[in-house]
Amino acid sequence: MQKNEIVELEITDLSYEGMGVAHHEGLTVFVNNALPGEIVKARILKVKKNFAFAKIEEMVKESPDRIKVDLRQWVQTGLASLAHLKYDKQLEFKRQQVVNLLQKAHMDDVEVGQTLASPEEVGYRNKGQVPVRNVNGQLEIGFFRRHSHDLMPLTNFFTTDPEIDRTLLAVRDILRANKVPAYDEKNHKGEVRYLDVRRSKATGEIMVILVTLDKDFPQLAKVTEEISKIDGVTSVILNHNPQKTNVILGKKDYLLWGKDYITDKIGDIKFKISPQSFFQINSLQTPRLYQLAIDKAELKPDDVVIDAYSGIGTIGLSVAKHVKEVRGMEVVKPAVEDANNNATLNGIDNAHYVVGKAEEIMPKWAADGLKTDVIFVDPPRKGLTPEFIEAAVKTGPEKIVYISCNPATMVRDLEQFKEAGYDFDRIDPVDMFPQTPHVEAVSVLKKK
Ligand SMILES: C[S@@+](CC[C@H](N)C(=O)[O-])C[C@H]1O[C@@H](n2cnc3c(N)ncnc32)[C@H](O)[C@@H]1O
């Protein structure tokens, strides 16, 4: 197989990134935007030792599960790489990801629930974080083509709240009118690198964050004033990112106008959210995810509960009124300040959050003799560490409720808990990210 060769391929599977998988001349071939059951003539783009990448040149046999997508950019970028697959099949794909991982780990006896569908299939994101670049001499916002930094201009971001799209376009027009230069990655010059817009569906409040190379630039005051007049905007923030890096946000935020937070609601609890605090991006599905986790925890009034990797305290504060005490930890300091303020804001006095790495705080609590009843963990994609798991077990919880955005690390960690005397018999996938291959899942471990 050689680069640029055209080969006929039968697609047999979808990769965890949502690419069509075929086998040809002993190699696994990943075909962009192809679906299982399809036969395609594909151009080979890259050949490695054991695998190759290809793109469709001609559709020979189309899958009945394929749907027509208005803008091919949605599928071509990482924005919505499963948008061409019928929604019920997306849900099946996500469930299958979990089934495959369990099979690999020889845990076929674990039941996997049907993926809980999202109430909104498009327009569900409460946050739009988009790159700003110069394309054909004009400042554009859009999304990078997959595996590249090649910006495809967009005016409709499909998975984000349409009110966020409207705000992004208004900011783009203000930047253009004031001749603010877009960031030029190659020469590390220009000004605006990303726009980050958050909106609460519950309160309508909008936060606009300009991610910039410099802390100040000549047009900043005028641009800020104009952005502050966009309908719904309640805060304008500058995030200073002077580094040559792919990391989107810099360390420092500066309030340019309005409030330095927006307020959102989950169920009947209010949350203040700072610019760098994590907040689940699918606002309508989040309470359903938490309810699933909380129901599984079967909480009792005298329970001591841990909310690990707590963000702004969304899980702990949702359960605080039903238990004796909640303790949480989180590595981002402003998120912890938000969590403690959010407790006060909601009249909760039995929940306390501290700043630190979960894998360091949990061993300290265990060494101090803390005894717990239920531990909620909601770690980032890399999952838990052995230090965390060992310390969590030492505090003797009856149940550990694991919420994960990466079932691969979740299954790895569940195995470790099993070795440490806990058992689980079920994983429930929850669709927090329709149109993308990302899978969220919940499982509960019980002391044997
Ligand atoms: C998936 S989010 C969950 C947040 C929260 N539970 C929620 O549902 O909104 C993971 C959180 O873990 C935090 N985090 C990342 N690494 C951490 C670590 N080593 N120790 C503690 N928190 C960490 C992140 O800042 C983020 O807020």
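Okay, let's start at Tyr 309, which sits in the loop between strand 17 (304-308) and helix 6. Bear in mind that this is a predicted model. So is Tyr 309 buried or exposed? Tyr 309 has 20 other C-beta atoms within 10 Å, and the cut-off for buried is 20 or more, so Tyr 309 counts as buried.

What does Tyr 309 touch, once we leave aside its neighbours within four places in sequence? The contacts are Glu 330, Ala 358, Val 377, Asp 378 and Pro 379. Keep Glu 330 and Asp 378 in mind, since the UniProt entry, which is unreviewed, has a "binding site" annotation that covers Gln 280, Tyr 309, Glu 330 and Asp 378.

Gln 280 is in a loop as well, the one between strand 16 (269-273) and helix 5 (286-297). Gln 280 is buried because 22 other C-beta atoms lie within 10 Å. Again skipping neighbours within four places in sequence, Gln 280 is in contact with Thr 286, Thr 314 and Met 432.

Now the ligand. How many residues surround it? There are 20, and the closest are Phe 278, Tyr 309, Gly 311, Ala 358 and Asp 378. If you split that shell by class, you get 12 nonpolar, four polar and four charged residues. As for where they come from, helix 6 (314-319), strand 18 (325-330) and helix 8 (358-367) each put in at least two shell residues.

Next, the packing. The largest nonpolar core has 118 residues, and those with the most contacts inside it are Val 31, Val 208, Ala 308, Phe 376, Val 377, Ile 400 and Val 401. Strand 12, residues 206-212, gives the most to this core, with six residues. Take Phe 376 from that list: beyond its neighbours within four places in sequence, it contacts Ala 293, Val 305, Ile 306, Asp 307, Ala 308, Ile 315, Val 401 and Ile 403.

Last, the overall layout. The protein is divided into domain 1 (6-66), domain 2 (127-266) and domain 3 (282-447). Taken over C-alpha atoms, the centres of domain 1 and domain 2 are 36 Å apart. At the start of the chain, the unreviewed UniProt entry has "domain: TRAM" over residues 1-58. That stretch is 0% helix and 60% strand, with its end C-alpha atoms 18 Å apart.

That's my tour, thanks.

How values were computed. Residues numbered from 1 in each chain as written. Predicted model: local features only at pLDDT ≥ 70, side-chain atom pairs only at ≥ 80, totals over all residues. Near = placed C-beta within 6 Å. Helix = DSSP H or I, 4+ residues; strand = E, 2+ residues; numbered from the N terminus. Nonpolar A, V, L, I, M, F, W, Y, C, P; charged D, E, K, R; others polar. UniProt positions renumbered as here; feature names shortened; annotations may be inferred. Domains from an automatic or database assignment. Core = buried A, V, L, I, M, F, W, Y, C linked by C-beta atoms within 7 Å. Buried ≥ 20, exposed ≤ 12 C-beta atoms within 10 Å, placed from the backbone. Contact = placed C-beta atoms within 7 Å.
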